[in-house]
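The points below are meant for a colleague who is meeting this structure for the first time. They are best read with the model open alongside.

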Amino acid sequence: MTLGIEQAHQHAHDHDHEHEGKHCSIPRFNSTELIVREDIMAKAKELAHLISTSDEVQFYKKAEKQIQQNEQVQELIRLIKKRQKEAVAFEKFQNPKMVEKINNEIEQLQDRLDEIPIVAQFKQAQEDINYLLQLVVSVIRDTVSQKIELDQSEPEPPASCSD
């Protein structure tokens, strides 16, 4: 079960609102009104700190530093950016042959860049961090969804307004 926007935004809040013309004490929020509890934010920051000190992030930082200090890598990156700007300029002048020629050069430069071991390691580190972040988000989403499903299977107290 995925959380709907309305479900995700409903939480305790001290105000009443109109619900289909009737007075209702069940709060409803839009994304600009969403208030996140301090304890949730504290745990999110704690989790962010744990992730930032993970082996994956430490390896990423090390690989990034090596890439920044590698002249061959930096020169290839400069050439790729230069060619990309040229391709954009030729697109504006509607010169598809030059755009194709430059795009082929960019591909060759990118292939040369990708063959450098530290670049491959850096890209792998990026993928590892993205996987870790997606895994954490999935675990949170699935756990919250399971909790909602469990709560919904219990008898509900009478609502304070009719739908």
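1. Buried residues account for 20% of the 163 residues in the chain, which is here a predicted model. The chain holds six helices and two strands, and read along the sequence these follow the pattern α-β-β-α-α-α-α-α. Among contacts with a separation of 6 or more, 56% are between residues that stand 24 or more positions apart.

2. The largest nonpolar core has 14 residues, and of these Ile 67, Val 73, Leu 113, Ile 116, Ile 118 and Val 119 touch the most other members. At least two residues of this core come from each of α3 (55-69), α4 (71-92), α5 (96-114) and α6 (117-153). Apart from this core lies another, of five residues, including Val 57, Ile 129, Leu 132 and Val 136. Returning to Ile 116, its contacts, with residues up to four places away in sequence not counted, are with Gln 72, Val 73 and Leu 76.

3. How far apart are the end C-alpha atoms of α6, and does that distance suit a helix of 37 residues, or what span should be expected? At 1.5 Å a residue, α6 should span 54 Å, and because its end C-alpha atoms are 53 Å apart, the two values agree. Within α6, the buried residues are Ile 118, Val 119, Phe 122, Ala 125, Ile 129, Leu 132, Val 136, Ser 145 and Ile 148. The buried residues of α6 pack against α2 (38-52), α3, α4 and α5.

4. The packing of α5 with α6 can be described in some detail. Their axes are 6 Å apart and meet at an angle of about 85 degrees, which means that α5 is roughly perpendicular to α6, since angles of 65 to 115 degrees are counted that way. On the α5 side the contact is made by Gln 110, Leu 113 and Asp 114, and on the α6 side by Val 119, Ala 120 and Lys 123. Sorted by class, this contact has three nonpolar, one polar and two charged residues.

5. Lys 123, a residue of helix α6, deserves a separate look. With residues up to four places away in sequence left out, Lys 123 touches Gln 110 and Asp 114, both of which belong to the α5 side of the contact just described. Lys 123 counts as partly exposed because its relative accessibility is 33%, a value that falls between the limits of 20% for buried and 50% for exposed. Although Lys 123 and Ala 63 are 60 residues apart in sequence, their C-alpha atoms are 9.1 Å apart in space.

6. Is Ser 52, which is found in helix α2, buried, exposed or partly exposed? Its relative accessible area is 30%, and Ser 52 is therefore partly exposed. Not counting residues up to four places away in sequence, Ser 52 touches Val 57, Gln 58 and Lys 61; of these, Val 57 is also one of the five residues of the other core. From Ser 52 to Ile 129 there are 77 residues in sequence, while the distance in space, C-alpha to C-alpha, is 9.6 Å.

7. A last point concerns the backbone at Gln 94, a residue in the loop between α4 and α5. Gln 94 has a positive phi of about 55 degrees although it is not a glycine. Most residues other than glycine have a negative phi. Gln 94 counts as exposed, because its relative accessibility is 70%.

How values were computed:
Residues numbered from 1 in each chain as written. Predicted model: local features only at pLDDT ≥ 70, side-chain atom pairs only at ≥ 80, totals over all residues. Heavy atoms only, no water. Core = buried A, V, L, I, M, F, W, Y, C linked by side-chain atoms within 4.5 Å. Buried < 20%, exposed > 50% of the residue type's maximum accessible area, 1.4 Å probe, protein only. Helix = DSSP H or I, 4+ residues; strand = E, 2+ residues; numbered from the N terminus. Contact = heavy atoms within 4.5 Å. Axes fitted to C-alpha atoms, helices over the stretch in contact; angles between N-to-C directions. Parallel < 35°, antiparallel > 145°, perpendicular 65-115°, else oblique. Nonpolar A, V, L, I, M, F, W, Y, C, P; charged D, E, K, R; others polar. Expected span 1.5 Å × (residues − 1).
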